[in-house]
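User: Hi, I have a structure open and would like some help reading it. Could we go through it together, one piece at a time?
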Amino acid sequence: MDKTIALYMRLSDEDDNLAAHEESNSISHQRKLMLDHIQKLPELKDCNIMEFSDDGYSGADFSRPNFVKMMDLVKAGKIQVIVTKDYSRLGRDYLEVGNYMECIFPVLQVRYISVNDNYDSANSFGSTGGMSVAVFACQYDIVNAFILSGENRSKHDDNRKSKHDKNPHHVFTC
């Protein structure tokens, strides 16, 4: 049986200025990165490739149209490998990403590769990517909180005394 690889690409609404038929540069970049990576893996370089892209969708929601379509094909046994640029392209709900990596993909016998995170489930038998996902979740939460606190302060100059401003020693928690 020939293996089929799913390249899954996702980008949030940051490219709103694109025409409906245009693809964001980030999606193109994700595709190139994943294709280059696959070519370095002898067991995958001659496999069939399917592409799934949710351009303009939040990673917090796993009911994205092409993600659902890809998972339907996985459940039907038509896709054996899923490749993403990184964990965050799969999703931003890191508990759910961990669930896919630890439970769903193994049960469905799907190999999962996250290129920039140097994760390949084929090389992680007996170990878990779950701790990495938890660390990344914490990192993204800190960065997002920092960005949002800056955006809120700049948008609301009249009310600059947020709870973080009142406590100069505020520590972000995960």
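User: Let me start with a residue that caught my eye: where is the place of Asn118?
Analyst: Asn118 sits in the loop between E4 and strand E5, the latter covering residues 119-120. Please keep in mind throughout that this is a predicted model.

User: What is phi of Asn118?
Analyst: The phi of Asn118 is near 55°, which is a positive value in a residue other than glycine. Most residues other than glycine have a negative phi. The strands E4 and E5 form a hairpin with four residues between them, and Asn118 takes its positive phi within that hairpin.

User: Is Asn118 buried or exposed?
Analyst: Asn118 counts as exposed, because its relative accessibility is 74% and the exposed class begins over 50%.

User: Which other residue has a phi near 55°?
Analyst: Gln109 has one, and it is likewise a residue other than glycine with a positive value. Gln109 lies in the loop between helix H4 (94-107) and E4, and with 69% relative accessibility it counts as exposed.

User: Okay, on to the strands. How do E4 and E5 run, and how many bridges join them?
Analyst: E4 and E5 run antiparallel and are joined by two bridges, with Ile113 of E4 standing opposite Asp120 in E5.

User: And how many bridges join E3 to E4?
Analyst: Four bridges join E3 to strand E4, which spans residues 111-114, and these two strands run parallel. Along this pairing, Val81 stands opposite Arg111, while Ile82 stands opposite Tyr112. On its other pairing, E3 is joined to strand E1 (residues 4-11) by three bridges, again in a parallel arrangement, and there Ile82 is the bridge partner of Ala6.

User: Which way do the side chains of E3 point?
Analyst: In strand E3 (residues 81-84), Val81 and Val83 point one way whereas Ile82 and Thr84 point the other way, and all of them are buried. E4 has a comparable listing, with Arg111 and Ile113 pointing one way, Tyr112 and Ser114 the other, and all buried.

User: Ile82 keeps coming up. What is Ile82 in contact with?
Analyst: Leaving aside neighbours within four places in sequence, Ile82 is in contact with several residues, including Ala6, Met70, Met71, Phe105 and Tyr112. Ile82 also belongs to the largest nonpolar core, which has 20 residues, and it is among the members that touch the most others, together with Phe67, Met70, Met71, Phe105 and Tyr112.

User: Which element gives the most to this core?
Analyst: H4 does, with five residues. There is also a second, separate core of 14 residues, and Ile5, Leu7, Ile27 and Val115 are included in it.

User: Changing topic: how many disulfides does the count come to?
Analyst: The count comes to zero disulfides. As for the cysteines, Cys47 counts as buried because its relative accessibility is 16%, whereas Cys103, at 40%, counts as partly exposed.

User: Last thing: where is confidence lowest and where is it highest?
Analyst: Within the protein chain, confidence is lowest in helix H6 (residues 163-166), with a mean of 44, and highest in E3, at 98. Over residues 156-174 the pLDDT stays under 50, and for that stretch the model has 13 contacts beyond four places in sequence. For the protein chain as a whole, the mean pLDDT is 79, with 66% of residues reaching 70 or more.

Technical notes. Residues numbered from 1 in each chain as written. Predicted model: local features only at pLDDT ≥ 70, side-chain atom pairs only at ≥ 80, totals over all residues. Heavy atoms only, no water. Buried < 20%, exposed > 50% of the residue type's maximum accessible area, 1.4 Å probe, protein only. Pairing = 2+ DSSP bridges. Disulfide = S-S within 2.5 Å. pLDDT = per-residue confidence, 0-100. Contact = heavy atoms within 4.5 Å. Core = buried A, V, L, I, M, F, W, Y, C linked by side-chain atoms within 4.5 Å.
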